[in-house]
Amino acid sequence: MSFIHIKKIHKEDPQGNMRELFAVPSVALSTPQGRKLIPNPAGNEASLFSTLEEAEEAIRRAGFDYIYEGKKTYTLSQPNQPANSAIANVGHPLDQAVPLLMKHLQDREPSVVANSAFALGALKAYPAMDALTAILGHDDATVRKQTAEALARMGPGAMPALRDAFLEAQTSKTKNAPYIRLTIMTAFLEMVLSAPGMPLVEQILPLAVKALEDDSWLVRAQAALVVGHAAQAQEQARMEELSNRDRLRQRPQ
């Protein structure tokens, strides 16, 4: 298990007041929206947070546990239990592969980026979630498809990042914003088709309905597919529930 060390620091603000902040080691990624810092134990930069809770949430989304003032906090799993990732064991070769694959998400060659996204999805590499989210608006269609599928494989754990990215892209005027919304709808479609269960479908559906009014016809078309398949999933769940009730009623007392 990889831990991020949170440090409490004091920094003077522009008004000359000393502020208490929480510093988290991070790596920098270039995204269509600009430079982004993502928590990582090997990071050589620091993200600063106003509260410990904000720092903890950022670390959890990046897929790590943390140490603060000598105390270990497990955000995703408990010690001596399998973590929700294929790369949980310290010293496993795949542990070393994930940072390299994340770095390759910034490669100039689209095929390298696409294959790296595929590998991270196959590994269910939760520490790479923010790095994958950062390339949702990539110019290359194959990269976007592989990124969508990678995030879809991570299931419910990817929903907060996808929801935030979708809502941000709805108001963004950058040229990549429609690509971001389209890729997120593609990820949602993959999630619904993989039968993840009704709680996840119910999280996806309101966002897909919003996307039916999108400025881009591509986003609207993909959203319509998501809504249609989500409706089918809901109907199937309803029929299964009725069938289960019938079996219970027919069971001998």
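What covers the buried residues of H5? In the predicted model examined here, the cover of the buried residues of H5 includes H3, H4, helix H6 (159-171) and helix H7 (177-193). The residues of H5 that count as buried are Val143, Arg144, Gln146, Thr147, Ala148, Glu149, Ala150, Leu151 and Ala152, a set in which the charged residues Arg144 and Glu149 are listed beside nonpolar ones such as Val143 and Leu151. The helix itself comprises 13 residues, 141-153, for which a span of 18 Å is expected at 1.5 Å a residue, and the separation of 19 Å between its end C-alpha atoms agrees with that expectation.

Both ends of H5 have local features that can be described at the level of single residues. At the N-terminal end, Asp140 acts as a cap, with a side-chain oxygen placed 3.0 Å from the backbone nitrogen of Thr142. Just after the helix, Gly155 adopts a positive phi of about 60 degrees. Within H5, Arg144, one of the buried residues, lies over the face of Tyr179, at 3.8 Å from the ring centre. Ahead of H5, the loop that joins H4 to H5 contains Gly137, which is buried because its relative accessible area is 1%, under the 20% limit. The C-alpha atom of Gly137 is separated by 8.5 Å from that of Leu182, although the two residues are 45 positions apart along the chain.

The setting of H5 may be placed in the context of the whole chain, which has 9 helices and 6 strands. Of its 253 residues, 42% count as buried, and among the contacts with a separation of 6 or more, 57% are accounted for by residues 24 or more positions apart. The largest nonpolar core holds 62 residues, of which Leu120, Leu162, Ile184, Met185, Phe188 and Met191 touch the most other members. The element that gives the most to this core is H7, with 10 residues. When residues up to four places away in sequence are not counted, Leu120 touches Val98, Leu101, Met102, Leu105, Ala125, Ala128, Leu132 and Met154.

Helix H6, which is among the elements covering H5, also contains Asp164. This residue is partly exposed, since its relative accessibility of 37% falls between the 20% and 50% limits. The C-alpha atoms of Asp164 and Thr133 are separated by 9.8 Å, with their positions 31 residues apart along the chain. Further along, Ser216 is found in the loop between helix H8 (198-211) and helix H9 (217-250), where it counts as buried, with a relative accessible area of 16%. A polar atom of the Ser216 side chain lies 3.3 Å from the backbone nitrogen of Leu218.

The structure also holds 2 aromatic pairs. One of them is formed by Phe3 and Tyr74 in an edge-to-face arrangement, with 5.6 Å from centre to centre and 75 degrees between the planes. This pair links distant parts of the chain, given that Phe3 belongs to strand S1 (residues 3-12) whereas Tyr74 lies in the loop between S6 and helix H2 (93-104), 71 residues apart. The two partners fall into separate accessibility classes, as Phe3 is buried, with a relative accessible area of 17%, and Tyr74 is partly exposed, with a relative accessible area of 25%.

Two residues other than glycine were further noted for their backbone geometry, namely Glu69, with a positive phi near 50 degrees, and Lys124, for which phi is likewise positive and near 50 degrees. Glu69 is located in the loop between strand S5 (65-68) and strand S6 (71-73), and its relative accessibility of 63%, which is over 50%, is the reason that it counts as exposed. Lys124, in turn, is placed in the loop between helix H3 (110-123) and helix H4 (129-133), where it is partly exposed, with a relative accessible area of 40%.

Methods. Residues numbered from 1 in each chain as written. Predicted model: local features only at pLDDT ≥ 70, side-chain atom pairs only at ≥ 80, totals over all residues. Heavy atoms only, no water. Helix = DSSP H or I, 4+ residues; strand = E, 2+ residues; numbered from the N terminus. Buried < 20%, exposed > 50% of the residue type's maximum accessible area, 1.4 Å probe, protein only. Expected span 1.5 Å × (residues − 1). Contact = heavy atoms within 4.5 Å. Polar contact = N/O pair within 3.5 Å; in protein donor to acceptor, adjacent residues only side chain to side chain. Phe/Tyr/Trp six-rings, centres within 6.5 Å; stacked < 30°, edge-to-face > 60°. Lys NZ or Arg CZ within 6 Å of the ring centre and 35° of its normal. Core = buried A, V, L, I, M, F, W, Y, C linked by side-chain atoms within 4.5 Å.
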